[in-house]
Amino acid sequence: NGIDVNDYKIRVPRGRYKLVFTSDKVKYGGQGKLKKRIFTSTKNRIDKVEGFTINVPKLSCIYLEKLK
């Protein structure tokens, strides 16, 4: 959509995840806002769900890969 989405919750199994691709890179016409490369899943204290939050730039697509 046409707005940045801050603190978007992604539910994933516990572990570390690497950003493999983001269409927000300047070379793809994005703004280059997404700088973080590694995300760590933790259990949320409130709803007890595994995952993490990410700031998703507008009109972008991201691919994450679980690290072993």
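Me: Why is phenylalanine 52 called buried?
Reply: Its relative accessibility is 9%, and buried means under 20%. Phenylalanine 52 therefore counts as buried in this predicted model.

Me: What makes phenylalanine 39 and phenylalanine 52 a stacked pair?
Reply: Two values settle that one. The ring centres are 5.2 Å apart, and rings pair if their centres lie within 6.5 Å. The planes differ by 15°, while planes under 30 degrees apart count as stacked. Phenylalanine 39 is in strand β3 (residues 38-40) and phenylalanine 52 in strand β5, so the pair joins parts that are 13 residues apart in sequence.

Me: Is phenylalanine 39 buried or exposed?
Reply: Buried: phenylalanine 39 has a relative accessibility of 3%, set against a limit of under 20%. Ring pairs also link Phe39 and Phe52 with Tyr17 into a cluster.

Me: Why is the pair of phenylalanine 21 and tyrosine 63 called tilted?
Reply: A search of the whole structure gives 4 aromatic pairs. In the pair of phenylalanine 21 and tyrosine 63, the centres are 6.0 Å apart and the planes stand at 50°. Stacked needs planes under 30 degrees apart and edge-to-face needs over 60, with the rest tilted, so this pair is tilted. Phenylalanine 21 sits in strand β2 (residues 16-22) and tyrosine 63 in strand β6, 42 residues apart.

Me: How do you know that phenylalanine 21 is partly exposed?
Reply: Its relative accessible area is 28%. Partly exposed is the range between buried, under 20%, and exposed, over 50%, so phenylalanine 21 is partly exposed.

Me: Which residues make up the largest nonpolar core?
Reply: There are 9 residues: Ile10, Val12, Tyr17, Leu19, Leu34, Phe39, Phe52, Ile54 and Val56. Two elements, β2 and β5, give two or more residues to this core. The most comes from β5, with 3 residues.

Me: What makes lysine 33 and aspartate 4 a salt bridge?
Reply: Their side chains meet at 2.5 Å, N to O, and the cut-off is within 4 Å. Lysine 33 is in the loop between β2 and β3 and aspartate 4 in the segment before β1, so this bridge ties together parts 29 residues apart in sequence. Lysine 33, at 43% relative accessibility, counts as partly exposed, and aspartate 4, at 31%, counts as partly exposed too.

Me: Why does the pair of glutamate 65 and lysine 18 count as a salt bridge?
Reply: The N to O distance is 3.9 Å, and the limit is within 4 Å, so the pair is a salt bridge. Glutamate 65 lies in strand β6 and lysine 18 in strand β2, so the bridge ties together parts that are 47 residues apart in sequence.

Me: How do you know that arginine 14 is exposed?
Reply: Arginine 14 has 53% relative accessibility, and exposed means over 50%. Its side chain meets that of glutamate 50 in a salt bridge of 2.9 Å, N to O. The two are 36 residues apart, with arginine 14 in the loop between β1 and β2 and glutamate 50 in strand β5. Glutamate 50 is buried, with a relative accessible area of 18%.

Me: What makes β1 and β4 edge strands?
Reply: The open sheet has 3 strands in the order β1-β5-β4, with antiparallel pairing. β1 (5-11) and β4 (42-43) each pair on one side only. β1 is joined to strand β5 (residues 50-56) by 5 bridges; in β5, isoleucine 54 is the bridge partner of tyrosine 8.

Note on methods: Residues are numbered from 1 along each chain as its sequence is written. This is a predicted model: local features need pLDDT of at least 70, side-chain atom pairs count only at pLDDT 80 or more; totals for chains, interfaces and linings use all residues. Side-chain values use heavy atoms; hydrogens and water are left out. Two strands pair if DSSP finds at least two bridges between them. Helices (H or I, at least four residues) and strands (E, at least two) are DSSP runs, numbered from the N terminus. Buried means under 20% relative accessible area, exposed over 50%, partly exposed in between (1.4 Å probe, protein chains only). A nonpolar core is a set of buried Ala, Val, Leu, Ile, Met, Phe, Trp, Tyr and Cys residues joined through side-chain atoms within 4.5 Å.
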